[in-house]
There are 2 protein chains.
Amino acid sequence: MRVKPVAELSRVDELPDLRSSTGSLAQRIHHVLHTAILDLTFPPGTPLRKAELAHRFGVSRAPVTEAIAILAAEGLVEAMPQVTARVTPLSMAALREETFLRCAIEGAVVERLAKTRTDAQLARLGRNLRLQELLVEDGDTRGFFEADEEFHTMLQEFTGLDRLSGFAAQVTLQLHRARQLLLPEARRPTETIVEHGEVLEGIRRQDAPAAVKAMRFHLGQLVPRLKPLEQTYPHYFREG
Amino acid sequence: MRVKPVAELSRVDELPDLRSSTGSLAQRIHHVLHTAILDLTFPPGTPLRKAELAHRFGVSRAPVTEAIAILAAEGLVEAMPQVTARVTPLSMAALREETFLRCAIEGAVVERLAKTRTDAQLARLGRNLRLQELLVEDGDTRGFFEADEEFHTMLQEFTGLDRLSGFAAQVTLQLHRARQLLLPEARRPTETIVEHGEVLEGIRRQDAPAAVKAMRFHLGQLVPRLKPLEQTYPHYFREG
DNA sequence: ACCTGTCAACTGGCATGTCAGTTGACAGGT
DNA sequence: ACCTGTCAACTGACATGCCAGTTGACAGGT
């Protein structure tokens, strides 16, 4: 008789209540799992057993099957026929590709914003930047991460293209997970804020090339910080 | 040469045989439907009834449900609870956003390629360009469309980032469908080839700014041609 | 004519049963 | 010790049944 390995699953019972969201069961389950994977509640490699998840959510396997199919299409889980689906391992190659895409998209975004930005938008961005400073002073790492995300999301939304932030998120899923691993680093936020400020300043001065350059530099800072992850968390990476 | 009629719903029974591909039934069905939607075999607005599709494919509703869930996540079909899923209508807003993304991504691609391109890559691109000319001479519109696609795909693959073309396709699905509607236009291909040539020339000369400029110009040519579509095919567009 | 309440047929969401492919422990041969 | 064939339990893939929400035709009231 085989013994079920429980090590990685000990925190699975912290899944949010399904009643907290709307839509079909399958959609809600997808949302919960999506979030759990992105915030590393389900770290890379975690097996997703349909029967087990169904039992945990108090539903049948059907909606879980649907949710996992979508996660697989998004690339967040890997599923082979007849084999338990697993949360996709990180891979340095994927992170490089997503970084390239992020640079391409956010570069184009700030280039455009430098021409179209309004005073109201500048004000909101400025306020967010202040918030980032306050959160760093308070040592609220998680809060800073969210304000950082919001800064970038705001830039995307200010283009007036409202699917943009969704698309950008969709093609930087692995990167999002990897950045969770970088959260503990304390020194970085201060530099980040300076770089954000330079991007904003370029946009304010309507200096598109400067804004693009600042954004590329800012995003480029991520690359050298990603490299050590493969050594620090080898079990989260493919073939490791 | 045969042009596929796009408005004809009665030929839905021409769906390919499932045995022609690999993977689970759900994956194969997804692939068939995905292709059918992108090439307008299923035009925007087409209802996708699970029972009907299941019967047509000779399977049960379960794998069809999974396939449609994925299509919905991709944005190719719209599904509301208890309401028949429909192929997503086109919308000018979505096309604008996807054009922006395409410019951002392909611009970054050629900028990078201008620095890294090898002679072998230049040769393959040159050969593809010749092929485009031949196909235009033969009046093979569909063949030209595919060679055009391949030109852009090759550029993406030559970056060495092998998920890139997949990501790019993933965020330009609506655009892909709209471009099918532009196929009948006869004069355009010749201009397209000239523009492709300028992009390639920029890459060959390792002149990144020129290559980017040429690519942006090339992709920008699409915008004015998209606009009339909303008048020509109002029933394919949202609220129309 | 128009609006409105009702109802039957349709359709999708979910639960469940069955089956086949995969896995991994273990026994037996080398 | 190591390799290998075997087998039982595990797991996902798919079929099917049932129920609830939606829709659209139609009857009756205004």
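This is a short dialogue about helix packing and DNA contacts in a predicted model.

Mentor: Residues are numbered from 1 along each chain as its sequence is written, chains are lettered from A and ligands numbered from 1 in the order written, and side-chain values use heavy atoms, without hydrogens and water. Because the model is predicted, local features need pLDDT of at least 70 and side-chain atom pairs count only at pLDDT 80 or more, while totals for chains, interfaces and linings use all residues.

Trainee: Why are α4(B) and α8(B) called roughly perpendicular?

Mentor: Their axes cross at roughly 105° and come within 8 Å. Roughly perpendicular means 65 to 115 degrees. α4(B) and α8(B) therefore earn the term. Axes are lines fitted to C-alpha atoms, for helices over the stretch in contact, and angles run from 0 to 180 degrees between N-to-C directions.

Trainee: Which residues meet there, in α4(B) and α8(B)?

Mentor: B:A94, B:L95, B:E98, B:T99 and B:R102 of α4(B) meet B:L173, B:Q174, B:L175, B:A178 and B:R179 of α8(B). Contact means heavy atoms within 4.5 Å. By class, this contact has five nonpolar, two polar and three charged residues.

Trainee: What angle do α4 of chain A and α4 of chain B make?

Mentor: About 115°, with the axes 9 Å apart. Each of these helices spans residues 92-116.

Trainee: What makes up the contact of α4(A) with α4(B), by class?

Mentor: It has 12 nonpolar, no polar and two charged residues. Among the residues in contact are A:F100, A:R112, B:F100 and B:R112. Phe counts as nonpolar and Arg as charged; Ala, Val, Leu, Ile, Met, Trp, Tyr, Cys and Pro are also nonpolar, Asp, Glu and Lys also charged, and the others, Gly among them, polar.

Trainee: How many residues surround DNA strand C?

Mentor: There are 18, and the closest are A:L25, A:S60, A:R61, B:R49 and B:K50. A residue is near the strand if one of its heavy atoms lies within 4 Å of it. Sugar and phosphate make up 76% of the strand C atoms that come within 4 Å of the protein.

Trainee: What makes a pair of N or O atoms a polar contact?

Mentor: The two atoms must lie within 3.5 Å; within protein, one must be able to donate a hydrogen and the other to accept it, and residues adjacent in sequence count only if both atoms are side-chain atoms. A backbone N or O atom of A:L25 is 2.5 Å from a phosphate oxygen of DNA strand C. For the side chain of B:R49, an N or O atom is 3.4 Å from a phosphate oxygen of DNA strand C.

Technical notes: Helices (H or I, at least four residues) and strands (E, at least two) are DSSP runs, numbered from the N terminus. Angles under 35 degrees count as roughly parallel, over 145 as roughly antiparallel, 65 to 115 as roughly perpendicular and the rest as oblique.
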